[in-house]
Amino acid sequence: MHNAPTAAHGDDWQQARSAAERGVDALITAARIERELEEADFQDTGPGPEQEPWLTLLNGGQLPRCAPTAPPAS
């Protein structure tokens with residue numbers, strides 16, 4: 001997407017927002033979104049291992065313990 005720098009980065013927030021909205025609307029039409037959705041293959045495979053900590057939180061009220069050096073669950 002290309003917007004004029006003065007419109008996208010100026011002091012007028014509403015003008016910048018409108019410029020961005022027009023740019024996105026020009027690139028991503030409703031017809032394109034509909035076509036993409038029709039072509040998409042959504043398969044519900046259920047939660048995977050990445051979601052296990054969140055299921056533990058949902059079902060037990062807290063996240064499982066992990067090592068302090070482990071990356072955060074996300």
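**Exercise 1. A loop residue and its distance to helix 2**

Task: Determine whether Gln-43 is buried or exposed, and establish where Gln-43 lies in the chain.

Solution. Step 1: Gln-43 has a relative accessible area of 58%. In this predicted model, a residue counts as exposed over 50%, and Gln-43 is therefore exposed.
Step 2: The position of Gln-43 is the loop between helix 3 and helix 4 (52-60).
Step 3: Gln-43 and Ala-20 are 23 residues apart along the chain, and their C-alpha atoms are separated by 33 Å.

**Exercise 2. Sequence separation and spatial separation**

Task: State how far the C-alpha atom of Val-24 is from that of Met-1, and how far Ala-19 is from Ala-7 in space.

Solution. Step 1: Val-24 and Met-1 are 23 residues apart along the chain, with a C-alpha separation of 7.0 Å. Val-24 belongs to helix 2 and is partly exposed, its relative accessible area being 39%.
Step 2: Ala-19 and Ala-7 stand 12 residues apart in sequence, while their C-alpha atoms are 6.3 Å apart.
Step 3: Ala-19 is likewise a residue of helix 2. The cut-off for burial is under 20% relative accessible area; at 3%, Ala-19 therefore counts as buried.

**Exercise 3. Overall architecture**

Task: Describe the secondary structure of the protein chain and set its radius of gyration against that of a compact globule of 74 residues.

Solution. Step 1: The protein chain contains four helices and zero strands, which gives the pattern α-α-α-α along the sequence.
Step 2: For a compact globule of 74 residues, a radius of gyration near 11 Å would be expected, whereas the protein chain has 21 Å.
Step 3: The C-alpha trace spans about 50 × 35 × 20 Å along its principal axes.
Step 4: Of the 74 residues, 8% are buried. The exposed area of the protein chain is about 6,600 Å², and carbon and sulfur atoms supply 56% of that area.

**Exercise 4. The nonpolar patch**

Task: Identify which residues make the nonpolar surface patch and which elements give two or more residues to the nonpolar patch.

Solution. Step 1: The patch covers about 710 Å² and is made by Met-1, Val-24, Leu-27, Ile-28, Ile-33, Leu-37 and Phe-42.
Step 2: Two or more residues come from each of helix 2 (13-27) and helix 3 (30-39).
Step 3: Leu-27 illustrates the accessibility criterion. Leu-27 is found in helix 2 and has a relative accessible area of 46%, so Leu-27 is partly exposed. Patch residues must have over 30% relative accessible area, a condition that the 46% of Leu-27 satisfies.

**Exercise 5. Charged side chains**

Task: Find how many salt bridges the count comes to, and state which residues form the negative surface patch.

Solution. Step 1: Side chains of opposite charge can pair when their charged atoms come close. A salt bridge requires a side-chain nitrogen of Lys or Arg within 4 Å of a carboxyl oxygen of Asp or Glu, and by this rule the count comes to one.
Step 2: The partners are Glu-21 and Arg-17, whose side chains meet at 3.7 Å, N to O. Both residues lie in helix 2, four residues apart, which is about one turn of the helix.
Step 3: Glu-21 is partly exposed at 41% relative accessibility, and Arg-17 is partly exposed at 43%.
Step 4: Glu-34, Glu-36, Glu-38 and Glu-39 form the negative surface patch. Among them, Glu-38 is placed in helix 3; its relative accessible area is 60%, so Glu-38 is exposed.
Step 5: For the protein chain as a whole, there are 5 positive and 12 negative charges, and their mean positions are 6 Å apart.

How values were computed
Residues numbered from 1 in each chain as written. Predicted model: local features only at pLDDT ≥ 70, side-chain atom pairs only at ≥ 80, totals over all residues. Heavy atoms only, no water. Rg over C-alpha atoms; globule rule 2.2 N^0.38 Å. Buried < 20%, exposed > 50% of the residue type's maximum accessible area, 1.4 Å probe, protein only. Areas by Shrake-Rupley, 256 points an atom, 1.4 Å probe, with all protein chains shown as cover. Lys, Arg positive; Asp, Glu negative; His and termini not counted. Charge placed at Lys NZ, Arg CZ, Asp CG, Glu CD. Patch = residues over 30% accessible without salt bridge, like charges linked within 9 Å, V, L, I, M, F, W, Y side chains within 5 Å.
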